[in-house]
Amino acid sequence: MQATLLPPGTSAPDFALPSTLDGPLGPQDRRGHPLILVFYPADWSPVCTDQLTLYQEVMPEFERHDAALFGISVDGRWSHLAFAKDRNLRFPLLADFEPKGVVARAYGVYRAQDGTSERALFVIDPAGAVSWSYVSPTDVNPGADGILRALEDLAAKGVTR
Amino acid sequence: MRATRWEATLVLPVSEDRDHIQGPGEAPVTLVEYGDYECPYCGEAYPIVKEIQERMGEQLRFVFRNFPISTAHPHAEFAAEAAEAAAAQGRFWEMHDHLYEHQQRLRVDDLRSYARAIELDLDLFDKEFEEHVHADRVHEDFLSGVRSGVNGTPTFFINGIRHDDPYDFETLLTALNGAIGAGADHGGS
């Protein structure tokens with residue numbers, strides 16, 4: 001069955017994945033606040049690097065909206081730790097590693113033919129529903145503008161600041 | 001790798017009052033670059049832009065805005081602030097050239113030596129630099145880039161539309177001349 005991207009309004013599936021922080025993380029850990037989920041195909045690949053570096057740089061703007069950001073790929077935690085250290089990424093990276101891609105599948109963004117996730121963005125509202133989702137071509141950096149718009153929409157609706 | 005399937009446009013229009021501009025206001029094509037002084041790709045683009053400016057002369061207006069990615073380039077933010085401090089003394093482009101021609105040396109001591117080399121008022125430069133007077137301006141440039149679809153550096157806009165093709169001399173020149181042609185087709189407006 002071809003998975004489809006979880007659309008706005010659907011409940012964001014909970015999960016607990018190993019992360020570059022001490023413990024496992026999932027959307028339920030950020031309930032009450034907006035959360036940005038960034039699925040990317042792989043640590044170390046050129047587009048991912050630019051994309052995640054940009055998000056680190058834009059982090060103060062995300063934080064102005066009280067939002068946190070989790071990066072997710074099928075890489076293991078040790079790769080994530082080395083990658084985050086090398087690129088000065090201070091947001092958590094989550095390992096969708098075992099069973100491989102199970103969270104990407106739950107969000108409808110697993111690419112079975114490649115064994116990785118899509119390059120996909122989700123903004124989850126404080127109540128735990130998807131408020132915006134987007135899949136970019138895997139070789140295209142989707143940038144931060146869409147995320148900021150989604151956060152501004154939440155603020156405009158009075159859901160967040 | 002850079003190609004996109006949508007069109008991104010400049011959200012902060014070019015302003016003669018605000019922007020650092022080379023070339024006439026009535027030039028038929030405007031090239032805006034979002035750049036980082038420590039980014040090696042921007043360093044590669046620097047002589048290409050110079051060559052394009054030389055070739056196109058009065059046909060081209062060139063604008064540079066800051067997009068320092070400190071996460072990757074620890075000296076980029078201060079270098080951008082130094083360029084803005086030079087701008088406050090009317091010497092932006094001299095500093096801009098010094099920075100790109102000495103990309104490997106962007107420590108604070110280096111920035112001061114460039115300020116001295118272009119004969120800035122050093123006391124004023126030091127004061128503004130230490131107080132980060134120009135940090136807000138640099139950040140405003142950065143955010144305007146984020147909202148315009150600048151996802152890495154350098155990113156170019158031609159008459160307000162993001163240039164997603166490569167930025168080698170021939171490709172960029174062809175795109176700029178194409179924009180002049182497109183403008184002429186629409187009555188030059």
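**Exercise 1. Cis peptide bonds**

Task: In this predicted model, find where Pro154(B) lies in chain B, and describe the peptide bond that leads to Pro154(B) from Thr153(B).

Solution: Begin with the position, for Pro154(B) belongs to the loop that runs between H6 and strand S4 (155–158) of chain B. Then look at the bond itself: the peptide bond from Thr153(B) to Pro154(B) is cis, and its omega is near -10°. Chain A offers another case, since Glu98(A) and Pro99(A) are joined by a cis peptide bond with an omega of about -10°. Pro99(A) is placed in the loop between strand S3 (93–95) and helix H3 (102–106) of chain A.

**Exercise 2. Positive phi angles**

Task: State what phi is near in Asp66(A) and in Glu119(B), and decide whether Asp66(A) is exposed, partly exposed or buried.

Solution: In Asp66(A), phi is near 65°, which is a positive value in a residue other than glycine. This residue, Asp66(A), sits in the loop between helix H1 (46–64) and strand S2 (68–73) of chain A. Its relative accessible area of 23% falls between the cut-offs of 20% and 50%, and therefore Asp66(A) counts as partly exposed.

Turning to chain B, phi of Glu119(B) is near 60°, again a positive value in a residue other than glycine. Glu119(B) is located in the loop between helix H4 (108–117) and helix H5 (122–130) of chain B. With a relative accessible area of 66%, over the 50% cut-off, Glu119(B) is exposed.

**Exercise 3. Two cysteines**

Task: Work out why Cys39(B) and Cys42(B) are not counted as a disulfide, and say how accessible Cys39(B) and Cys42(B) are.

Solution: The first step is the whole structure, where a search over all chains finds 0 disulfides. Next consider Cys39(B), whose nearest cysteine sulfur is that of Cys42(B), 3.2 Å away. In the same way, the nearest cysteine sulfur to Cys42(B) is that of Cys39(B), at 3.2 Å. A disulfide requires the two sulfur atoms to be within 2.5 Å, so this pair does not qualify. As for accessibility, Cys39(B) is buried, with a relative accessible area of 2%, and Cys42(B), at 1% relative accessibility, also counts as buried.

**Exercise 4. Salt bridges within and between chains**

Task: Identify the salt-bridge partners of Asp145(A), both in chain A and in chain B, and place each pair in the structure.

Solution: Start inside chain A, where Arg149(A) forms a salt bridge with Asp145(A), and the closest N and O atoms are 2.9 Å apart. Because Arg149(A) and Asp145(A) are 4 residues apart in helix H4 (residues 145–156) of chain A, they are separated by about one helical turn. An α-helix has 3.6 residues a turn, so residues three or four places apart point the same way. Asp145(A) is buried at 13% relative accessibility, while Arg149(A) is partly exposed at 48%.

Now follow the side chain of Asp145(A) to Arg147(B), which it meets in a salt bridge of 2.6 Å, N to O. This pair crosses between chains, from helix H4 of chain A to helix H6 (residues 135–148) of chain B. Arg147(B) has a relative accessibility of 22% and counts as partly exposed.

A further pair is found in chain A, where Asp14(A) forms a salt bridge with Arg31(A), the closest N and O atoms being 3.0 Å apart. Both Asp14(A) and Arg31(A) are in the segment before strand S1 (35–39) of chain A, and they are 17 residues apart. Asp14(A) is partly exposed at 44%, as is Arg31(A) at 36%.

Finally, in chain B, a network of salt bridges links Arg18(B), Asp19(B), Arg65(B), Arg137(B), Glu140(B) and Asp141(B). Over all chains the count comes to 20 salt bridges.

**Exercise 5. An enclosed helix and a charged patch**

Task: Explain why helix H3 of chain B is described as largely enclosed, and name the residues of the negative surface patch.

Solution: Helix H3 (residues 92–101) of chain B has 10 residues, and 7 of them are buried, so this helix is largely enclosed by the rest of the structure. The buried residues are Phe92(B), Trp93(B), Met95(B), His96(B), Asp97(B), Leu99(B) and Tyr100(B). At the surface, by contrast, Glu51(B), Glu54(B), Asp168(B) and Glu170(B) form a negative patch. One of these residues, Glu170(B), is in helix H7 (residues 169–185) of chain B.

Terms used
Residues are numbered from 1 along each chain as its sequence is written. Chains are lettered from A and ligands numbered from 1 in the order in which they are written. This is a predicted model: local features need pLDDT of at least 70, side-chain atom pairs count only at pLDDT 80 or more; totals for chains, interfaces and linings use all residues. Side-chain values use heavy atoms; hydrogens and water are left out. Patches are made of residues with over 30% relative accessible area and no salt bridge: like charges are joined within 9 Å, nonpolar side chains (Val, Leu, Ile, Met, Phe, Trp, Tyr) within 5 Å. Accessible areas come from the Shrake-Rupley method with a 1.4 Å probe; for residues, only the protein chains shown count as cover. A salt bridge is a side-chain nitrogen of Lys or Arg within 4 Å of a carboxyl oxygen of Asp or Glu. Lys and Arg count as positive and Asp and Glu as negative; His and the chain ends are not counted. The place of a charge is taken as NZ of Lys, CZ of Arg, CG of Asp or CD of Glu. Helices (H or I, at least four residues) and strands (E, at least two) are DSSP runs, numbered from the N terminus. Buried means under 20% relative accessible area, exposed over 50%, partly exposed in between (1.4 Å probe, protein chains only).
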